[in-house]
Amino acid sequence: MTRSSQRMLIIGLDAADPALIEKWSDAGILPTLQHLRSKGAWIRLNHGGEFSSASIWPTIFTGTHPGKHGIYHTVPIMQGDVSFGNLKPEQCGQPPFWCDLERQDKRCILFDIPFSYPRADLNALQISDWGSYERFAPPSSSPGEALTDIVQRFGAYPFAEEMVRDVPVSERDFCRTRAQLLAGTATKGRVVKWLMSNRPWDFFMAAFGEPHAAGHYFWQFHANNHPRGFSHVPREFATTIQDVYRAADRELGRIVETIDNKTTLLVLSGQGLGPNYVGWHLIPEVLTKLRLTVGNQAHGNPVRIDWLAKLRSLLPSQWRRSLSRYLPNGVRDYLRLRWAASNIDWSQSQVFDLPTDSLGFLRVNLKGREPNGVVEPGKEYDDLCQRISETLKQLVNPRTGKKIVREVFFTEHVFPGPERNRLPDLMICWEDDEAIDEAQLDEMRRIRGNLPDARSGNHNPHGFALFYGPGVGGGQASEGHIMDIAPTILSYFGLKPPTYMDGKTLGGTISFAYK
Ligand SMILES: [Zn+2]
């Protein structure tokens, strides 16, 4: 059998926002992306807001929704026990599409793909968490020496730690992070090019995490919306998101120079970035006031307690910041929620909220599923979900008179499947036109609170897929879904997508040369 010379290269620009890419490439600020868009097919990837940030990459590489792959947050609820643990990418309930490619003898290289891990059952060269934005374990690779090789040649990834989320961050922190993100982008580009040239491949996929981090931390300066704690904003902070996109564009240009005319390139982002206007922090108190979550008499109110703030207040000021700096976010979320869960009277609570940093996640205390379930499956469950949804959709910000909840998604409806019980029951999508610091429950009751998350940017449901290469027709106006990527790649290699996949092969402007 002769090997087909057809190849595919995917470069993920993690959480790069399509509207910014359109604006800046049209203006000539991102020349590589401008060129690729003019010659290739630019497809907006949209969903209705029900896909949480952590579910994006698993949805992309499995071609399935969270009801089948089971990933919804970095600190998910543990089944059969009301506690929370840090996500392990191994918990993904579906295989990535590159398993299908390898079965067809395709040689794969997979580098820093978020939420993935080196699988022992593959021959592919796999490197995980060397320089991803969200890291779940120390860097690892298969074969093991691949990582050693990268570290010896290129050193450790420059952006080593995520900035702390729940304390104010200083000008120095932002300066350091900016420098690390720019250095990280350049180093990532060098490693990608070296891996591409170092051994043969049919399918190569890598992701740049820097656009994701830049969007979360520098949005306030980019949007110029009164950065917290800054009287004067250094000019380079306002351009950091653009500077990181430009650095990624430059590396992309160098990568494109090396590809041959048998290679199709896909530049990909599954979600965008905008202001961090979310209201999940008000939900525990809403549930308490509605007596849907009931506190344990011995411990008082079950509203999420910021144990960290309390602990910090007991320490000398010079120690306070370092305390949270050295606790990874996942650990802090975990401890905070452990505290909250221990204060819940399970015999009287019908609903409880789950850790999040974006969509609100609610879980029904369901009989037969939770250890101390009180709500009967069937009509009682359905009526309760309906009632909660209607109540949440009525919440208004009394300052503006506007509603704060755009939609409440029922997992039962949007994500049915074998992993459905690992997910929340209700997911709350927020109106994102301004900060949510207050909610009017009814005439008498108001809930107030500032978002305890120092990140000024958060996700929107808009991503993109930019195809470029032989057989790709030009086009600017088409739309697709993140679930369509896996079936499209399999179709590109002449494989029939498995029936369990929920997406469809993207057609229209893409007509592959090798069908
Ligand atoms: Zn994010």
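What share of the 515 residues in the protein is buried? In this predicted model, buried residues make up 59% of them.

**Whole chain**

Start with the cartoon of the whole protein, which has 17 helices and 19 strands. Switch to a surface: about 20,700 Å² is exposed, and carbon and sulfur atoms supply 50% of that area. Of the contacts with a separation of 6 or more, 72% join residues 24 or more positions apart.

**The zinc ion**

Select the zinc ion next. His212, His216 and His459 coordinate the ion, each through NE2, at 2.1 Å. Along the sequence these donors follow the spacing H-x3-H-x242-H. Histidine 216 sits in helix H8 (residues 210-222) and histidine 459 in strand E17 (residues 457-460), so this pair ties together parts that are 243 residues apart in sequence. Histidine 216 and histidine 459 are both buried.

**Helices H7 and H10**

Colour helix H7 (residues 171-198) and helix H10 (residues 240-258). Their axes are 10 Å apart and the helices pack at an angle of about 10°. An angle under 35 degrees counts as roughly parallel, and H7 and H10 are therefore roughly parallel to each other. To see the contact, show side chains on both helices. On H7, the residues taking part include Arg178, Leu181, Leu182, Thr185 and Met196; on H10, they include Asp243, Val244, Ala247, Glu251 and Ile255. Sorted by class, the contact has nine nonpolar, four polar and six charged residues.

**Leucine 87 and phenylalanine 115**

Move to leucine 87, in the loop between helix H4 (66-69) and helix H5 (98-103). Is leucine 87 buried or exposed? Its relative accessible area is 4%, and residues under 20% count as buried, so leucine 87 is buried. Apart from neighbours within four places in sequence, leucine 87 is in contact with Ile71, His73, Thr74, Pro76, Phe115 and Phe136.

Follow one of those contacts to phenylalanine 115. The two residues are 28 residues apart along the chain, and their C-alpha atoms are separated by 9.1 Å. Phenylalanine 115 belongs to the loop between strand E3 (108-111) and strand E4 (125-128). Phenylalanine 115 is also buried, at 4% relative accessibility. Check its backbone: phi is positive, about 65°, although the residue is not a glycine.

**Arginine 291**

Arginine 291 is another residue to check for phi. Its value is positive, about 55°, and arginine 291 is not a glycine either. Look for arginine 291 in the loop between helix H11 (283-289) and helix H12 (307-313). With a relative accessible area of 52%, arginine 291 is exposed.

**Serine 142 to proline 143**

Which form does the peptide bond from serine 142 to proline 143 take, cis or trans? The bond is cis, with omega near -5°. Proline 143 lies in the loop between strand E5 (140-142) and helix H6 (145-154).

**Threonine 411**

Finish at threonine 411, found in helix H16 (residues 411-414). Threonine 411 has a relative accessible area of 0% and is buried. To display its surroundings, select Pro416, Arg420, Leu423, Pro424, Asp425, Leu426 and Met427, which are in contact with threonine 411 when neighbours within four places in sequence are left aside.

Terms used:
Residues numbered from 1 in each chain as written. Predicted model: local features only at pLDDT ≥ 70, side-chain atom pairs only at ≥ 80, totals over all residues. Heavy atoms only, no water. Axes fitted to C-alpha atoms, helices over the stretch in contact; angles between N-to-C directions. Helix = DSSP H or I, 4+ residues; strand = E, 2+ residues; numbered from the N terminus. Parallel < 35°, antiparallel > 145°, perpendicular 65-115°, else oblique. Contact = heavy atoms within 4.5 Å. Nonpolar A, V, L, I, M, F, W, Y, C, P; charged D, E, K, R; others polar. Donors = N, O, S within 2.8 Å, 3.2 Å for Na, K, Ca; no water. Buried < 20%, exposed > 50% of the residue type's maximum accessible area, 1.4 Å probe, protein only. Areas by Shrake-Rupley, 256 points an atom, 1.4 Å probe, with all protein chains shown as cover.
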